[in-house]
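Here's a quick tour of a small set of strands and the residues around them. Have the coordinates open as you read.

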Amino acid sequence: MTNDPFSAAASLDELLTRTQQALTAMRSRASAHADGEPGDLLRAEGTAAGGRVRAVAVQGGRLGSVTIAPELAGEPLEVLCEHLVTAANAALSELDAQVSASARADADALAVRLGSMGDQAELFGRAMHEAAARIHRDRGNASRTARPA
């Protein structure tokens with residue numbers, strides 16, 4: 001890092017811009033919903049009845065699909081419903097864990113960026129203080145040389 005005030009200001013401005021971009025990206029990922037690009041959405045699968053009932057949850061807390069194996073066709077409706085609820089809840093729980101992990105990773109990256117902001121601000125403040133001192137000193141020198149002897 002340099003003590004040049006303009007360089008320090010540019011570094012601080014760049015850090016603030018990158019932080020703002022990171023926050024925007026976090027907000028856009030959080031607001032993604034089912035009609036977004038399928039490849040961009042987080043997905044999780046839950047199962048029940050020994051894997052014969054499967055539910056896929058997609059980001060936004062929605063079910064993407066439900067599959068019930070044909071051999072369960074003879075089961076009572078109440079049993080099928082219980083399996084379906086179990087599979088859907090498992091998928092949604094897994095999805096929630098994925099979203100939380102993703103948010104933690106984003107927050108950790110943002111914290112690292114913000115952590116260096118204090119150093120940047122201190123450097124900028126020090127550079128501004130030195131520049132002000134130089135201006136004050138130069139004005140004092142100029143006024144002493146401008147006085148008639």
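Before the hairpin comes up, one bit of bookkeeping: two strands are said to pair if DSSP finds at least two bridges between them. With that in hand, and keeping in mind that this is a predicted model, take a look at S2 and S3. They form a hairpin with 3 residues between them, and Gly-60 in that turn has a positive phi of about 105°. Strand S2 covers residues 53-58 and strand S3 covers residues 62-68; they run antiparallel and are joined by 6 bridges. If you want a spot to check by eye, go to Val-53, which stands opposite Ile-68 in S3.

Val-53 also has a partner on the S1 side: it is the bridge partner of Ala-48. S1 and S2 pair over 6 bridges, again in the antiparallel sense. Put together, the strands make an open sheet of 3 strands in the order S1-S2-S3, with antiparallel pairing. S1 and S3 sit at the edges with a single partner strand each, so one side of each has no neighbour in the sheet. On average, neighbouring strands of this sheet are turned by 20° against each other, ignoring direction.

Now for the side chains. How many salt bridges does the count come to? The count comes to 1, and the pair is Arg-54 with Glu-45, whose closest N and O atoms are 2.5 Å apart.

What about Ala-44, buried or exposed? Ala-44 is in strand S1, residues 43-48, and its relative accessible area is 5%, so it counts as buried, the cut-off being under 20%. Here is how Ala-44 and the two salt-bridge residues line up:

| Residue | Relative accessibility | Class |
|---|---|---|
| Ala-44 | 5% | buried |
| Glu-45 | 44% | partly exposed |
| Arg-54 | 35% | partly exposed |

As a general point, side chains in a regular strand alternate between the two faces of the sheet.

Which residues does Ala-44 touch, leaving out those up to four places away in sequence? The list is Ala-55, Val-56, Ala-57, Ala-91, Glu-94, Leu-95 and Gln-98. Ala-55, Val-56 and Ala-57 fall within the residue range 53-58 of S2. For a distance to check, the C-alpha atoms of Ala-44 and Leu-63 are separated by 9.6 Å, with the two residues 19 apart along the chain.

Key
Residues numbered from 1 in each chain as written. Predicted model: local features only at pLDDT ≥ 70, side-chain atom pairs only at ≥ 80, totals over all residues. Heavy atoms only, no water. Helix = DSSP H or I, 4+ residues; strand = E, 2+ residues; numbered from the N terminus. Buried < 20%, exposed > 50% of the residue type's maximum accessible area, 1.4 Å probe, protein only. Contact = heavy atoms within 4.5 Å. Salt bridge = Lys/Arg side-chain N within 4 Å of Asp/Glu carboxyl O. Axes fitted to C-alpha atoms, helices over the stretch in contact; angles between N-to-C directions.
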